[in-house]
Amino acid sequence: MKINSSFLKNLRVITAIMVITACSNDSTVTNQLTVQESTIEQVQKRGVLRVGMSTFVPWAMKDKTGELIGFEIDVAKRLAKDTGVEVEFIPTKWSGIIPALITGKFDVIIGGMGIIPTRNLKVNFSIPYDYTGMSIVAHKKVAAGFSRLEDFNGSDVVIAARLGSTAVTAAKKYIPKAQLRLFDDESQAYQELVNGNVHAVVGSAPTPEFQAIKYPEKLFLPLDKTFTSEPIGFAVRKGDFDTLNYFNNWIGYVESEGWFKDRKNYWFRTKDWEKMIK
Amino acid sequence: MLIFFILAVACVWIAYRITVKVHYNWNWGVMPQYLFRFDAAEGRWVAGLIVQGVLITLRLSIYSIVVAMIIGTVMGLFRTSRSPFKRMIGWSYVEIIRNIPILVWIFIFYFFISDQFIPTIGLDDPAGSKSEFTRDLVSFLFISPAQFPAFLSGLLALGIYEGAYITEIVRAGIQSIDRGQWEAASALGFSRYHQLRHIIFPQAAKNVLPPLAGQFISVIKDSSIVSVISIQELTFQGMELMSATFLTFEVWITVMLLYLLICLVCSLGVERLEIHMKRGMV
């Protein structure tokens, strides 16, 4: 009798647990349903555009006062202003930025994200608003005499790059034989290069160029220009064409003003902003 | 003394090697402004990036410890319960959590579990829907409302994780009390609740305080792992700063010294507490 009643009690607890699990499944269903209200409509209702980004000099970085500055920050601020909402930046680790977008931690990624087919299968991209390319910066001693991309394509060559960035895709495509050493942050990759532990770093221009200027006695630029050209777009969750349409037309509208070119010049051709961070 | 001397020599030697061999351009001059800076607009000193990170780390650690203590105490009681069902729950919790790496657990919790309940309690977007007062309260107690959902899932993930270790400490504490104490209390007519409340807990508390305090320090250190889900605590701020300024060594050394300082203070506090308690026993 005693055993039976305690068994019943347990059964009740187990049922309760099952009900809770069922409820949580329900909430996933409602989440999917509410997606039918497009992201841009939700943004207007909320009055805040939540932007996912990651520190990447000079696309986005924090200045001395802790404020975010950079090319992408300017773009996102302008986008929010033109939409009539506030902007809120959510700094996220680059390697986890796509899962964070998909699980709804923010509305859009504006972070210099290169449009590549494999990424595009996971998220939707706007039309490109900017083009970037990969450059390579090498160590003077370790990679002495390297002057062409083919020189780096050897199994004894070690290349550092940022985990999950298009630099990795480019390196695998153009110098497939080289070994890759991947880091969560770009600065760690460059530190590894300055320490002489790798032959070169592959990264989006103009950071490799800036690093070569910073350490002239250690680093050099083996190629005189970028070896890829990549379109850059906003990333949004899949299937949200209302939002995508809005972003595409906003890009067209701003581009015709020549605004992107002007901002790009400021962040990429000049170093006037450097005193803001140090 | 000799050990400190050897350590100091080792540090100087490493610093020398970095400067000479790697040609690292040390730039300590810019570091203080990331700790505290003078805000000209407001006319007062404000916390820099790193100190903001320290404040988040401290809040995160304290709240996680509270969550872990609650879970740990309940589960510790379950582990020592007479009901096999409760014992099974306690056992499963401890064994599942302790056998998952904390990094994996934090990712799983943030991307899969927290999504299930954080939207339902309406904390999803405190920036828009809640009143000014609620938002100020959240910023004061926790973090800016925009980052609150991530902060909350980090806090809970850490609390649940550390709770498993506290469960074992509580269980060990209760089991360290001699059976005779239970039997004597039972013979005097105490109910099981009163046995625990008046006889077992006061004695067990003395035994568990030192390992518990050690666990608290471990929570502070483990809180650095939530930087992977972009909570802007000390480690995250350090990494961001490093990406922006490329001052790799200066930033890491500062971050390390700050963790050392916080944990050392706690550790010395625990030592004092233990001495004090020993005196109390005599």
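Helices, here, are DSSP runs of H or I with at least four residues, and strands are runs of E with at least two, each numbered from the N terminus. With that in hand, welcome to a predicted model with a chain A and a chain B that touch each other.

Let's start with chain B. By that count, chain B holds 12 helices and two strands. Reading from the N terminus, two helices come before the two strands, and helices make up the rest of the run: α-α-β-β-α-α-α-α-α-α-α-α-α-α. The C-alpha atoms of chain B fill a box of roughly 75 × 60 × 40 Å along the principal axes.

Chain A, for its part, has 11 helices and 14 strands. Here are some values for each chain, set out together:

| Chain | Residues | Buried | Contacts at least 24 apart, among those at least 6 apart in sequence |
|---|---|---|---|
| Chain A | 278 residues | 40% | 73% |
| Chain B | 282 residues | 33% | 70% |

Now for the place where the chains meet. Which residues are involved, and how many of each chain? On chain A, 34 residues are in contact with 30 residues of chain B. Four elements of chain A each supply at least two residues of this side: α1 (2–34), β2 (61–62), β4 (86–91) and α7 (186–194). Of these, α7(A) gives the most, with five residues. Sorted by class, the side of chain A that touches chain B has 14 polar, 11 charged and nine nonpolar residues.

Terms used:
Residues numbered from 1 in each chain as written. Chains lettered and ligands numbered in written order. Predicted model: local features only at pLDDT ≥ 70, side-chain atom pairs only at ≥ 80, totals over all residues. Contact = placed C-beta atoms within 7 Å. Nonpolar A, V, L, I, M, F, W, Y, C, P; charged D, E, K, R; others polar. Buried ≥ 20, exposed ≤ 12 C-beta atoms within 10 Å, placed from the backbone.
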